[in-house]
Structures are given as structure tokens and as C-alpha cells.
Amino acid sequence: MEMVKLYSMKDYEALENLLWDMKQPGDNDTREEALATGGLDLVLVPGLAFTKKGHRIGSGKGYYDWYIDRCLHDPNGRPYTIGLAYREQILHSIPTEEHDFMVDEVIFPDP
């Protein structure tokens, strides 16, 4: 997984819908990778479930765990990470493994 530079909403909309109906550059689309051009300040991290402390369950492929670990070795440092969730996605605890990273903040509706 790589994060690429986009210049506008029109640029984003021109991306192809590929795996999981997510916008992605096509195989022949050459774009600057974020870690090569100054890194990222913020990553919105998807998840199936979160704890209020920032543990998360993703899709089970480890893409975000791998990418954030890659950022730790980048001179620009780790980006701030936020998980967006519905109230129903907030659990008291989630089983985690050593390679799982925690998001810095979870935003969800709280009555």
C-alpha cells in the first residue's frame, strides 16, 4: 500500500475504482508517493471496531499496520492517526497483537 499525492478533488475523482471499490491509481498511473515527497501529517484509518483508547480491528490484511510501521522509519515521522466510527463500533476491549498499532484518536458520536 502506498499513499500518493493528489492535487484536487477532480484529480481524486479521476482515479479508478479497484479492489473493494476504493479509489486507487491504475497500474500505469505514475504519481508521487507521499513518503518520498515529505510524508503525511494525518491518516484517517478505517476499522470495523475501535476502543476509546485507540485499539482497532481492521480488515485483517494488515495494510495500515504495515504502512504506519513504514512511516516510523521515515525521517518525516509517523502521521497523526484518527479512526472515525459509529457508536456501535466502539467496544470495551479488542484483542491485539504486537504488530497492531493504535490510532491516536477515535472520533465517534457520544450521547
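**Entry 1: the sheet.** I began with a single bridge: Leu42 has Tyr80 of β6 as its bridge partner. I note here that the model is predicted. I then looked up how the two strands run, and found that β3 and β6 (residues 80-84) pair in the parallel sense over four bridges. I next asked which sheet contains this pair; it is an open sheet of three strands in the order β3-β6-β7, with parallel pairing. I recorded β3 and β7 (105-107) as the edge strands, each of which pairs on one side only. For the twist, I found that neighbouring strands of this sheet are turned by 30 degrees against each other on average, direction ignored.

**Entry 2: the chain.** I turned to the chain as a whole and counted two helices and seven strands. Read along the sequence, I obtained the pattern α-β-β-β-β-β-α-β-β. I noted that the C-alpha atoms fill a box of roughly 45 × 30 × 25 Å along the principal axes. I found that 31% of the 111 residues count as buried. I also looked up the range of the contacts: among those between residues at least 6 apart in sequence, 62% join residues at least 24 apart.

**Entry 3: Leu35.** I located Leu35 in the loop between β2 and β3. Is Leu35 buried or exposed? I entered Leu35 as buried, because its relative accessibility is 13% and the cut-off for buried is under 20%. I then listed its contacts, leaving aside neighbours within four places in sequence: Leu35 touches Tyr67, Arg70, Cys71, Asp74 and Asn76. I set this list beside the extent of α2, which spans 63-72. As a distance check, I took Leu35 and His99, which are 64 residues apart in sequence and 21 Å apart in space, C-alpha to C-alpha.

**Entry 4: the largest pocket.** I looked up the volume of the largest pocket and found about 1100 Å³. Which residues lie nearest its centre? I recorded Met1, Met3, Met22, Pro46 and Tyr64, out of a lining of 31 residues. I then asked which elements supply the lining, and noted that β2 (23-24), β3 (42-45), β5 (56-57) and α2 (63-72) each give at least two residues. β3 thus appears in my notes both as an edge strand of the sheet and as a contributor to this lining. By class, I entered 19 nonpolar, six polar and six charged residues for the lining.

How values were computed: Residues are numbered from 1 along each chain as its sequence is written. This is a predicted model: local features need pLDDT of at least 70, side-chain atom pairs count only at pLDDT 80 or more; totals for chains, interfaces and linings use all residues. Side-chain values use heavy atoms; hydrogens and water are left out. On a 1 Å grid over the protein atoms alone, a cavity is a set of points where a 1.4 Å probe fits but cannot get out, and a pocket is an open set with protein on both sides within 12 Å along at least five of seven lines; lining residues have an atom within 4 Å of a point. Grid points are joined across faces, edges and corners, and a volume is the space filled by probe spheres set on the points. Ala, Val, Leu, Ile, Met, Phe, Trp, Tyr, Cys and Pro count as nonpolar, Asp, Glu, Lys and Arg as charged, and the others, Gly among them, as polar. Buried means under 20% relative accessible area, exposed over 50%, partly exposed in between (1.4 Å probe, protein chains only). Contact means heavy atoms within 4.5 Å. Two strands pair if DSSP finds at least two bridges between them. Axes are lines fitted to C-alpha atoms, for helices over the stretch in contact, and angles run from 0 to 180 degrees between N-to-C directions.
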